Amino acid sequence: MGPIGIFGGTFDPIHYGHLRTAFELLNSLRFAEVRFIPCGTPPHRDKPVADAATRLAMVKAATEKQPGFNVDDREMRRDGPSYSIDTVMSLRSEYPHRSLCLIIGMDAFLGLPSWRHWRELMQLANVVVAHRPGWKTPATGPLAELMVDSGTGNLNDLHEYRAGRIYIHAVTQLEISSTALRSIVQGGSDPRFLMPESVRDLIRETGCYRKESAVGETSDHDSLAQEK
Ligand code: ATP
């Protein structure tokens, strides 16, 4: 069995930057699956704007038609902050012999030393770093040292080792962020072609990013609120 790619995020909302990254990693790294794990309560950032049920529904809608994409709601079923170490520990106990590959963007990788028990995390899973526009691999500090000890350019290592390797993989650069998408919707514009239509539909139906003041204020054809 190939590695399980673990793709955590707030997904507030999920977009084509996430989906294209997961798709390229699934195929290029020969993962058995990519498991999307929406964060319940992020420990390192503000509370998500959309509630957990809506974010989960958006992730399910975005991934349901792609073989190899699966959604796992374990972080949402847990109380308290969603620490990756707890998620990876629970996956490791379910899959003691499988390679687990934690997928993170370069921006998230640079913050890894602030994650709870990050060194233990490395003993439980491999890390796959997806290159994002504008971010560089660190040249000094704990991550640079970690790269010397654990970095690999050999894809087979991700299949042979259950944990402990770091693999950097360039993905198609799509400069889309959830933050920008929320602003687009809150500003009354249409996020079409930046995310699947099913996610856009859910945003419209739930009104999860609508600012009270923005509703009904726009009248151009770019407005999500105006969409028929
Ligand atoms: P926000 O703008 O709210 O911070 P985001 O768009 O970065 O959100 P997250 O849900 O926080 O999305 O990201 C989950 C993971 O996806 C992170 O590891 C992040 O680095 C990665 N990621 C986010 N956007 C992209 C993108 N456009 N291309 C590749 N990876 C991405």
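A charge is said to sit over a ring if NZ of Lys or CZ of Arg is within 6 Å of the ring centre and within 35 degrees of the ring normal. In this predicted model, the charged end of R116 sits over the ring of Y83, at 4.4 Å from the centre of that ring. A second case is found at R165, whose charged end sits over the ring of Y161, 3.8 Å from its centre.

**Aromatic rings**

Rings can also pair with other rings, and the count for this structure comes to four aromatic pairs. One of them joins F7 and F36, whose ring centres are 5.6 Å apart and whose planes stand at 45°; planes under 30 degrees apart would count as stacked and planes over 60 as edge-to-face, so this pair is tilted. The pair links distant parts of the chain, since F7 belongs to strand β1 (residues 4-9) and F36 to strand β2 (residues 33-38), and the two residues are 29 residues apart. Both F7 and F36 are buried.

The ring of F36 also pairs with that of F69, with the centres 5.0 Å apart and the planes at 70°, so this pair is edge-to-face. Here too distant parts of the chain are linked, as F36 lies in strand β2 and F69 in strand β3 (residues 69-71), 33 residues apart. F69 is buried, as is F36. Taken together with F11, the residues F7, F36 and F69 form one aromatic cluster.

**Salt bridges**

A search of the whole structure finds 11 salt bridges, and the table lists some of them, including the distance from N to O in each.

| Salt bridge | N to O distance |
|---|---|
| E33 and R35 | 3.2 Å |
| D72 and R74 | 2.9 Å |
| D190 and R200 | 2.8 Å |

Are the partners in these bridges buried or exposed? Because buried means under 20% relative accessible area, E33 counts as buried with its relative accessible area of 11%, and R35 counts as buried at 10% relative accessibility. D72 and R74 are both buried as well, and the same description holds for D190 and R200.

The side chains of D190 and R200 meet in a salt bridge. D190 lies in the loop between α9 (178-186) and α10 (197-206), whereas R200 lies in helix α10, so the pair ties together parts that are 10 residues apart in sequence. The other two bridges of the table belong to a wider arrangement, in which E33, R35, D72, R74 and E94 are linked in a network of salt bridges.

**Surroundings of the ligand**

The model also holds a ligand, which is surrounded by 21 residues, and the closest of these are R45, D107, L174, S178 and T179. Which residues place a polar side-chain atom beside an oxygen atom of the ligand, and at what distance? H18 has a polar side-chain atom that lies 2.9 Å from an oxygen atom of the ligand, and D107 has a polar side-chain atom that lies 2.7 Å from an oxygen atom of the ligand. In the case of L174 the contact is made by the backbone, for a polar backbone atom of this residue is 2.7 Å from a nitrogen atom of the ligand. On its own the ligand has 600 Å² of accessible area, and the protein covers 90% of that area.

Methods: Residues numbered from 1 in each chain as written. Predicted model: local features only at pLDDT ≥ 70, side-chain atom pairs only at ≥ 80, totals over all residues. Heavy atoms only, no water. Phe/Tyr/Trp six-rings, centres within 6.5 Å; stacked < 30°, edge-to-face > 60°. Helix = DSSP H or I, 4+ residues; strand = E, 2+ residues; numbered from the N terminus. Buried < 20%, exposed > 50% of the residue type's maximum accessible area, 1.4 Å probe, protein only. Salt bridge = Lys/Arg side-chain N within 4 Å of Asp/Glu carboxyl O. Near = heavy atom within 4 Å. Polar contact = N/O pair within 3.5 Å; in protein donor to acceptor, adjacent residues only side chain to side chain. Areas by Shrake-Rupley, 256 points an atom, 1.4 Å probe, with all protein chains shown as cover.
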